[in-house]
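Colleague: Please take a close look at one part of this model for me. Walk me through it in one connected account.

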Amino acid sequence: MPELPEVETVANSVDARVRGQRIGAVWLSRYKEPFKTARTEMLDALSGLRIERVRREGKHVVFDLSGGGCSHQIRAQWVVHLGMTGQLLVVAPDLQRPKHTHAALELSGGRELRFVDARRFGRLAFSSVVAGGEGFRGPGQEPLTISEDDFVALFRGRKLSIKAALLNQSLLHGVGNIYADESLFRAGIRPTRAAGRLSRARLLRLREALLQVLREAIARGGSSVSDYVDADGEKGFFQFEHRVYMRTGEPCLNCGKPIHRIVLAGRGTHYCLHCQR
Ligand SMILES: [Zn+2]
């Protein structure tokens, strides 16, 4: 499942390739699952609009769309959730469409924007934006911009483990299993600790560690652990920087003791018994 750095990488790589282009003919697959907006409505609505910007909002890729005329005012949004295996690719239109293509948008620049998703957990939605309105907002707070006080307040009084709290998308969005494990290791916090019982100082260390790990991962194009690729089909490189995630039994990079694995909040959780307290 792509997390914040992977979604950010996809949004930025798509933006660099499609910004300012007008959407021509639109093709959508016959499957029901990918379409949160009725496919007939989406077919009609997308064609003719201009892509002003592509950006990440939480774990969604948001296409801000204008009417395509002289005004660059945002009138609508196409919101893409990559799900488990969703890919947004910008390719030559004559390149054969892979079997699991669910959307293909002809672009004025001559290329084609495709949404390909083998597992079909990804979602596509279209919505109008009223003038002056905010448009799409995902649940939870943004980890890259949250203030120290707001970060500490998120966990106050919470009995669940800090790992489970980090995975809770209604608190912070975009942090999944990889970056939860990696940030807890860097902060020296054991994943099983009750979130509400961590001191302000330790939570602030966690915030710093999370910012650091997310920024480093974005700089490396994300972690390619399953089907994740950017708009050119390129993999990320942050998986080579993982210090605990999927390193069960391998030596801790700090102390040399083997990395421990438990299941917490239903997810494989990797940590060092010695370095994380
Ligand atoms: Zn260690």
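**The zinc site and a buried strand**

Modeller: Along the chain, the zinc donors are spaced C-x2-C-x16-C-x2-C. The model is predicted: local features need pLDDT of at least 70, side-chain atom pairs 80 or more, while totals for chains, interfaces and linings use all residues. Residues are numbered from 1 along each chain as its sequence is written, and side-chain values use heavy atoms, without hydrogens and water.

Cys252, Cys255, Cys272 and Cys275 each offer SG to the zinc ion, at 2.2 to 2.4 Å (donors are N, O or S within 2.8 Å of the metal, 3.2 Å for Na, K and Ca). The four donor atoms subtend angles of 102 to 114 degrees, so the arrangement is tetrahedral (all angles between 85 and 135 degrees). Cys252 sits in the loop between α6 (200–219) and β9 (260–264), and Cys272 in the segment after β10 (267–271), so this pair ties together parts 20 residues apart in sequence (helices are DSSP H or I runs of at least four residues, strands E runs of at least two). Cys252 and Cys272 are both buried (under 20% relative accessible area, 1.4 Å probe, protein chains only).

Burial also marks strand β3, residues 60–66. Seven of its seven residues are buried, so β3 is largely enclosed by the rest of the structure. One side carries His60, Val62, Asp64 and Ser66; the other carries Val61, Phe63 and Leu65. Seven bridges join β3 to antiparallel β2 (50–57) (pairing needs at least two DSSP bridges). Arg56 stands opposite Val61. In that hairpin, two residues separate the strands, and Gly58 takes a positive phi near 60 degrees. Seven bridges also join β3 to antiparallel β4 (74–81). There, Val62 stands opposite Val79.

Conventions. Four donors count as tetrahedral if all angles lie between 85 and 135 degrees; four count as square planar and six as octahedral if opposite donors are over 155 degrees apart and all others between 65 and 115; anything else is irregular. Buried means under 20% relative accessible area, exposed over 50%, partly exposed in between (1.4 Å probe, protein chains only).
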